[in-house]
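Hi,

Here is the structure I promised to pass on. Have a look at it first, and then read on for what turned up.

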Amino acid sequence: DAANDGSYSRVPIPTNFSGIFEGLGNIISNFSLYDTIDNNVALFASTSRRALLRNVTLLNVNMFSENNFTQLLAPLVAYNAGTVLQCQATGAIRSDFRVTGGGLVALSYGTIEKCFANVFVSGAQTAEVGGLIGNAHGSVRDCYALGRVIAGDQSDVGGLIGYFIGRRVSRCYAIGQVSGGQNALVGGLMGENRSDASGGSVTRCYWDTSTSETNSGAGYGDVSGITGLTTEQLQSRLPLGFDPAVWNEQAKTNSGLPFLIANPPR
């Protein structure tokens, strides 16, 4: 429980982490960070290609970044070049300046797998914000996001990913309310899907048409791999393509929505 630490003013792990951080399923709760100095703001500032963050749970984070330079802001890691596996976060993050912000990871060139976030993500103008990842250049597999995502004018706002120009997104879903200012690209799953430019793909992904308050899976780009389902449909059975060895549904867990067997809500 980090409550007794008060609010941190600098990133706790500022180095480029290149090892293995094994959380063992333990919880870090009530982590608070108010940072006006760093550009990479998270528990881990950055990770290298060799790094692995695994089985890490962050509950009830409260993070605010106030820096007039372009920022990366997220609960777990700001810049990820490695692998994030079976991690989760809840809480809220906010920046009143230009930001790339995500409910778990801000900017990812690596792999994110079997992770989820229930984080209120808030950005200002020209932001890239997503319920799980702000900007994804790598791969995202078997993940979901539940939190609300908002930003200002000319922003990319997505329930799961703000801006995608990566390799692959597969078997993911998002349910959070998404909204943006003037000329913002807003989508239930992604704000902007640039997979055509990267040679990537988006397959077997879903967004909740009941809770997201949008009829578009992506604010811009190809939506052929993104399907809209109502809350009732998401609760009734696993979406097409979701492996029952990885995913499960139970009425008393995750409000009846699909959850990860290896990474259940805490």
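Before anything else, one definition: two strands count as paired if DSSP finds at least two bridges between them. Keep in mind, too, that this is a predicted model.

**Strand β17 and its partners**

With that rule in hand, start at β17. Ser 122 in this part of the chain stands opposite Ile 150 in β21, and two bridges join β17 to β21 (residues 149-150), with the strands running parallel. Two bridges also join β17 to β20, again in parallel; here Ala 117 has Ala 145 of β20 as its bridge partner. With β13 there are seven bridges, and that pairing is parallel as well. One spot to look at there is Ala 92, which sits opposite Phe 120 of β17.

Is β17 largely enclosed or not, and why? Five of its seven residues are buried, so β17 is largely enclosed by the rest of the structure.

**The open sheet**

Next, the eight-stranded sheet. This sheet is open, its pairing is parallel, and its strands come in the order β2-β7-β11-β15-β19-β23-β27-β29. At the edges are β2 (13-17) and β29 (218-220), each of which pairs on one side only. From one strand to the next, the twist averages 10°.

Within this sheet, β11 and β15 pair in the parallel sense over three bridges. Val 77, for instance, has Val 105 in β15 as its bridge partner.

**The nonpolar cores**

In soluble globular proteins, nonpolar side chains tend to be buried together. Here the largest nonpolar core has 52 residues, and those with the most contacts inside it are Leu 76, Val 84, Leu 104, Leu 132 and Val 169. Strands that each supply at least two residues of this core include β9, β13 (88-95), β17 (116-122) and β28 (201-208).

Leu 104 is a good residue to click on. Leaving aside neighbours within four places in sequence, Leu 104 is in contact with residues including Ala 74, Leu 76, Val 84, Cys 87, Cys 115 and Leu 132. Apart from the largest core lies another one, of 14 residues, among them Tyr 144, Leu 229, Leu 257 and Leu 260.

**Thr 57**

Thr 57 is in strand β9 (residues 57-65). At 2% relative accessibility, Thr 57 counts as buried. What does Thr 57 touch, if residues up to four places away in sequence are not counted? The list is Asn 26, Ile 27, Ile 28, Gln 88 and Arg 266. Arg 194 is another matter: its C-alpha atom and that of Thr 57 are separated by 30 Å, with the two positions 137 residues apart along the chain.

**Aromatic pairs**

The count comes to twelve aromatic pairs. Take Tyr 8 and Phe 31: their ring centres are 5.6 Å apart and their planes are at 65°, so this pair is edge-to-face. The pair links distant parts of the chain, with Tyr 8 in strand β1 (residues 7-8) and Phe 31 in the loop between β4 (27-29) and β5 (32-35), 23 residues apart. Phe 31 is buried, at a relative accessible area of 3%, whereas Tyr 8 is partly exposed at 29%.

Tyr 79 and Tyr 109 form a tilted pair, 5.8 Å centre to centre and with 35° between the planes. These two also link distant parts of the chain: Tyr 79 is in β11 (residues 77-80) and Tyr 109 is in the loop between β15 (105-108) and β16 (111-113), 30 residues apart. Both rings belong to partly exposed residues, with Tyr 79 at 28% and Tyr 109 at 38%.

There is also a cluster: Phe 116, Tyr 144, Tyr 173, Tyr 206, Phe 242 and Trp 247 form one aromatic group.

**Cysteines**

How many disulfides does the structure hold? Zero. Cys 115 is in none, and the nearest cysteine sulfur, that of Cys 87, is 4.8 Å away. Cys 115 is buried, with a relative accessible area of 0%. Cys 205 is in no disulfide either; the nearest cysteine sulfur there belongs to Cys 172, at 4.7 Å. Cys 205 likewise counts as buried, at 0% relative accessibility.

Cheers

Notes:
Residues numbered from 1 in each chain as written. Predicted model: local features only at pLDDT ≥ 70, side-chain atom pairs only at ≥ 80, totals over all residues. Heavy atoms only, no water. Phe/Tyr/Trp six-rings, centres within 6.5 Å; stacked < 30°, edge-to-face > 60°. Helix = DSSP H or I, 4+ residues; strand = E, 2+ residues; numbered from the N terminus. Buried < 20%, exposed > 50% of the residue type's maximum accessible area, 1.4 Å probe, protein only. Axes fitted to C-alpha atoms, helices over the stretch in contact; angles between N-to-C directions. Contact = heavy atoms within 4.5 Å. Core = buried A, V, L, I, M, F, W, Y, C linked by side-chain atoms within 4.5 Å. Disulfide = S-S within 2.5 Å.
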